[in-house]
Amino acid sequence: TLLMAGRARGNVGAYGQDGAKVTWREPSPFGLLSRDELETGVPLADPLKSPPLPVYVLHGGDHFTVAWVPLPAKERFEARVRALFASARGGGSGGDANSAAAEAVEAATAELQAAPPPPGTQGAVDLALWNGLPPARGLRWLRLRGVGDGVAPAAPAPPSLTPSHWRLSVGEVESVVQAAKEDKASLPAAWREHRYELSLVTKAVAEEDVASAPRPPDAPPPTLLPQGPPPAAGEA
């Protein structure tokens, strides 16, 4: 939030601690989409999901990337030519303006040929995705299907929070730690086929979760996984 709005704030959700809806007092030109919304059931603040510009910081839990809806192809190409031209002239490269303009057009054309946008598909939204961390570091295209208008405002959050997180139960999945290394090596793109190391809620963790409300009888029960007998004394 310090980068987005100029002030560090811990709460990016649509509600305060009392469950009442709050607003972002500092406007941000771009937005935020977070996996926490799915995991906690708390919507993000409305201005973050419907920013003035279609640019979003993507929060995956422990990693951040950036995605945006690019300009139409013609406008995007012209903007890139202008940027390259300004960079060349501002860098004091010398030469006349016509030569610099021709070089900018040539460089922008080469970039477009090296990374062309995907062909358009009806009912899909294409975004540019920047991932800054290796080994997947680079600029990619991301296609979302069945999402409607990619720049239309998102539906606002309800006026008050409806709880969807209930007191933890022993054996409930607390978090996904990591995929098995051998599965990632043999099936690098088939993440649905990987085996995963999970962190399960223990008796001690469940007893510490006193702030959460008990799960009501009509709420669907969580998936519980057996943990087996506790280790013997002295075992790791």
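**Confidence, fold and a nonpolar surface patch**

Within the protein chain, confidence reaches its lowest mean, 69, in helix α1 (residues 2–5) and its highest, 94, in helix α6 (residues 181–186). These scores belong to a predicted model. Averaged over the protein chain, the pLDDT is 81, and 89% of the residues score at least 70.

The protein chain contains seven helices and seven strands. Read from the N terminus, the order of these elements is α-β-α-α-β-β-α-α-β-β-β-α-β-α. Contacts can be sorted by how far apart the partners lie in sequence: of those in the protein chain between residues at least 6 apart, 56% join residues at least 24 apart.

Next comes the surface. The protein chain has 236 residues, of which 22% count as buried. About 16200 Å² of the protein chain is exposed, and 60% of this area comes from carbon and sulfur atoms.

One part of that surface can be described residue by residue. A nonpolar patch is formed by V173, V176, W191, Y196, L198 and L225, which together have about 540 Å² of accessible area. Two strands, β6 (173–179) and β7 (196–200), each supply at least two residues of this patch.

Y196 serves as an example from the patch. This residue is found in strand β7. Is Y196 buried or partly exposed? Its relative accessible area is 38%, so Y196 counts as partly exposed. Patch residues need over 30% relative accessible area, and Y196, at 38%, therefore meets that cut-off.

Key: Residues numbered from 1 in each chain as written. Predicted model: local features only at pLDDT ≥ 70, side-chain atom pairs only at ≥ 80, totals over all residues. Heavy atoms only, no water. Helix = DSSP H or I, 4+ residues; strand = E, 2+ residues; numbered from the N terminus. Buried < 20%, exposed > 50% of the residue type's maximum accessible area, 1.4 Å probe, protein only. Contact = heavy atoms within 4.5 Å. Areas by Shrake-Rupley, 256 points an atom, 1.4 Å probe, with all protein chains shown as cover. pLDDT = per-residue confidence, 0-100. Patch = residues over 30% accessible without salt bridge, like charges linked within 9 Å, V, L, I, M, F, W, Y side chains within 5 Å. Salt bridge = Lys/Arg side-chain N within 4 Å of Asp/Glu carboxyl O.
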